[in-house]
Amino acid sequence: MSNANFWQLIDQQCHENNFTNFKGISFVSSIKFIETYLLPHFSKITLILGLSDNGQNSIGKRIDQLLNKRKNIIEYSYKHPTSEFTTRLLDGSLELLFTKNELIHTKFYQVSNSQRYAVFSGSMNLTQAALSQNMEQLILDYGSTADPLFQSYQQLFNNNLQHATTYINSKKLAGYLKAKDTEELQIHILHDSSLSIDNNLNSDKKDIVILPAEEIKKYREQYSKDDEFKKLSEKEKLTVTQAITLFGDGGHKRRKLDTIGRDLYTLTQKITHQDQKQNDETLKINREVDLFPKPALFYNNGQLFQAAKIGNNIPSQVVSSNLTNDQLKDALQLFCDIVHEYNTYKDVGEGWQACDFMLFLYESPWLWKIRNLYELSNSNRSREDVPIAVALIGQGRTGKSTLGKKLAAKLIGAHNFLDSGMLDSKNYVNGKSNINMTITTTLSDYVYSNGPVSPLMIDDVSPDLTTRTYFERFIKEVTNNRNLTHPLPTFIFTMNRRESSIKSQFSLKTEMMRRLWYLSFESTFSGNNEKREEALNSLFNRANDDLFKYCQVKLAEFFANVSSADAKEIEKDYLYPIKSIIKIALKKFEIYDQIDKYFSENYDYSLFVGRNDWAMLINQAETGKDIIFTQQNDRLKAQVNKQLFNKVSDSTARNSGSMLMERYFQYLPRKYHISSQQTSTGFIIDIKNFDKWLGNDTLMTKYQNSDKVRAHQQQDAVIQMAKATTQMTEMGKQMSELNKKLMDQEQKKKHHSWFGNFFHK
C-alpha cells in the first residue's frame, strides 16, 4: 500500500477490534510524539527505545542517555506534573524503557486486546519525520492471540524487554516531584543516576545498566587530553566531564558519592550555559496548535464535542456523562472539599475565590452564549459584563498555580496547560520583542480558531500584561463586537503580585476589570504541614473530570431551552446556570450547606484589592498636611493631597506621584461611594464608607488621634468641667437653702408641740 497513513491503519485496527494496549520498540522517539500520538489513544503503553549505537563513542552515548536523556524526562514531569504524560508514568499505564546493554534496532508496534492483535514491523521509528517525510517499510500482521504467529511476536518483544531497563519507575518519579526547585531536582537525578551504574558484567538486575570499566577507562584517557577535548562539541564535552566525575582512573565507579550530585550539577550548568546561545537559535515551535489545549472541546449544533485525539481520523464524540449516584456524590464532595481546603488551611479563608473559580471553569465553554443573551436582553446588561478571562492574583506560595493549573487541569481533563516559559521559544522566533506580546498573539490565534471552547490556561503571567495597550485592544476587540459571536474560548491566568516590582502592576481600569475577573490569593497556607500536605495530595488523587462532563451535559440541556425566568436570573448573575445545576445536585445529596454561603454573590476583587496598600498609606500620612479632615453635607470627609503620593513615590515614571495617585484612586470600589472625583491636587473621601471598605476604623482612628480633634476634645473637657463645677455650686446653694427651710420647719414644729401640751394641762 503506497503512501499509506500509519495512524489511519492503526485507527482502522483499533476501531474494528477495540484495541487499547500498545507495545512498541523504536530506535528513537520523543516526549512530544508520545504525548501527542500515543497517550490519548491507548490505556496501556509499553515502549522500548534504543540506547546508543555501538562503536568508538558507545560509552559516551550511554552515559549521555543515562544522565541527560533520563533527566530531560524527569524534568518534563516536574514542570508539567498534571500532564497526561506524567500522570500515566505515575499510575504505571505508560512504561518507558531503554536498552541497557546491546544495541536494539528493532522497529515493532503491537496493538491488542485479550483476543485479537495487529503487529507492524519494518524500518519506521516513532518520529514525525518517519511518519511524514521518509521512505519507510512496514509489514502488517493481524489475527487471534491464540495463533502461533502471535506467540512468536510475543517472544520477540520479550527478548528485547529482557535487554531493557526503565527510564524511571513511578515510585522514584513521585519522589522526584517533591523537590523544592529545579536545582534540587537535578542534583537528586544526577546523584541517583550514578548509583544505578554498575560495573559488574554478571549483573542481571532489571534496573542496572552495565558499563564495562575497561571501555570507560579508554574513553576517559582519550578525551581527557586537552587537544582531543577541544575537538568535541559542547554536548560531548558535558558527557566527558560527567564520566570523569563519576568514574576513577581505572574506569570503576567512585565510592564517595555524597558530593557527586552537586558536582555534576555544577559542571552541567557551566557547560550548558556556554552552549545556550547556540541552542536558542534552533528553538522553534513546529505548529501553533501545539500550544492549544488538548483534547479540545468544540461547540456544534447545541452540543459539545471532544476533538479527535489522533490526527483527524477518529470521529469526534459528543461529551457525555453516565455517572452513578455514588460517582456524582463523590464528584460533588470533591468540589466542596477543594473549597474547604482553601478556606480552612489559610491564615485568611479564601474558599469564596476557590468556589467561584471552579464555577467559572465549569461554565467557561458556554460563556459566549451568555454574552449573546446579554446583548439580546432588554436590560442595561452588556456583553462586556461577562468576563472573557479569569486571573488568579497573589504572592508566591498561596496556592494559585495549585488550583489554577494543577487541579484545574484534572478537573476538566486537560493534558497540556501551559507555563509562561513554554512560550519562550515562540518569543525568540518573534525576535524576543517581549513575552507579553507573544502571549497576546498566542491568545489571539486561539480565539480566532474555528469552534474550540476549552479554556486556554497560562501559568505565571506577568501582571503588567493587563496594562499593555495591545493586550487591552485585543480584549476589547473580542468582547466589543456588536454582532452575535460564534463559540469563543476563555483564558485562565495565574499572576504573581510583588509590591516591589514594577511588573506587578495590573490594570485597574473599570473597562478592563469587567472583562477580566480578578481573584485574589494573598493568604498563605497555615496549620500542620504534614496534615495539609496529606489533604492536598488526597485532592490530587481524587481529582477527575466527572463533574465537568456532568455539568456540560446539563448546561447543554439548559441552553437548549432558556425560560424567561432563567433569562432574568442570568441577567443578574452570569454564573446562574452553573450555580443552578450544581446547587440542585448538591441539595439532592444534602451537602449544599457546605458551600451555600459562596453562592449568594460573586467574588468582587475590587472590594479587596488595594486595602493593604491604603492602610499602609494612611499610617504614613501626616494629618494637617497630607490629609485634612473636613465636614461636608453633615458627613466627615478626608481630603487626601497629592503630596502624600509624592512622599511614597520612588521617583520613577511608572511610580510617580501622579501615577500613584491615579492607582490609589482606582483602588477605591465605586459601589462603596468612597470618592466620586479626582483632581490634579488630590481627592476627597468619605471616612465612614472608606472604613467600611477596609473593614476597620483606620481613617476614623487617624481623625480621632489628630491634633485638631485632641484640641477640640481638651476644650470640650474644660467646658464640661466648668459646667459641672457651676452645676455643683448651684446644687450646693440649693441644698443650703433646702436645709435652712427644713430647720425652720423643725423649730416651728417643736414650738407648736410645747404650747399645745401646756394648754392641755
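Here are legends for three close-up views of this predicted model.

**View 1. An open sheet of 4 strands with antiparallel pairing.** Reading across the sheet, the order is β18-β19-β21-β20. At the edges you will find β18 (627-632) and β20 (678-679); each has a single partner strand, so one side of each is left without a neighbour in the sheet. Further in, take a look at β19 (residues 635-641) and β21 (residues 682-686), which run antiparallel and are joined by 5 bridges. To get your bearings in this pair, find lysine 637, which stands opposite aspartate 686 of β21.

**View 2. An open sheet of 5 strands with parallel pairing, and a helix that packs on it.** Here the strand order is β14-β15-β16-β13-β17. The edge strands, β14 (418-419) and β17 (516-520), each pair on one side only. Helix α15 (residues 351-363) touches β13 (389-394), β16 (491-496) and β17 as it packs on the sheet. The direction of α15 makes about 150 degrees with that of β17. Turning to β14, this strand runs parallel to β15 (residues 456-459), and 2 bridges join them. A handy pair to look for is aspartate 419 with its bridge partner in β15, aspartate 459.

**View 3. A nonpolar patch on the surface.** Three residues form this patch: Met735, Leu738 and Leu742. Together they have about 280 Å² of accessible area. Is leucine 738 buried or partly exposed? With a relative accessible area of 43%, leucine 738 is partly exposed, because that value falls between the 20% limit for buried and the 50% limit for exposed. To find leucine 738 along the chain, follow helix α31 (residues 707-760), where this residue has its place.

Definitions and conventions: Residues are numbered from 1 along each chain as its sequence is written. This is a predicted model: local features need pLDDT of at least 70, side-chain atom pairs count only at pLDDT 80 or more; totals for chains, interfaces and linings use all residues. Side-chain values use heavy atoms; hydrogens and water are left out. Two strands pair if DSSP finds at least two bridges between them. Patches are made of residues with over 30% relative accessible area and no salt bridge: like charges are joined within 9 Å, nonpolar side chains (Val, Leu, Ile, Met, Phe, Trp, Tyr) within 5 Å. Accessible areas come from the Shrake-Rupley method with a 1.4 Å probe; for residues, only the protein chains shown count as cover. A salt bridge is a side-chain nitrogen of Lys or Arg within 4 Å of a carboxyl oxygen of Asp or Glu. Buried means under 20% relative accessible area, exposed over 50%, partly exposed in between (1.4 Å probe, protein chains only). Contact means heavy atoms within 4.5 Å. Axes are lines fitted to C-alpha atoms, for helices over the stretch in contact, and angles run from 0 to 180 degrees between N-to-C directions.
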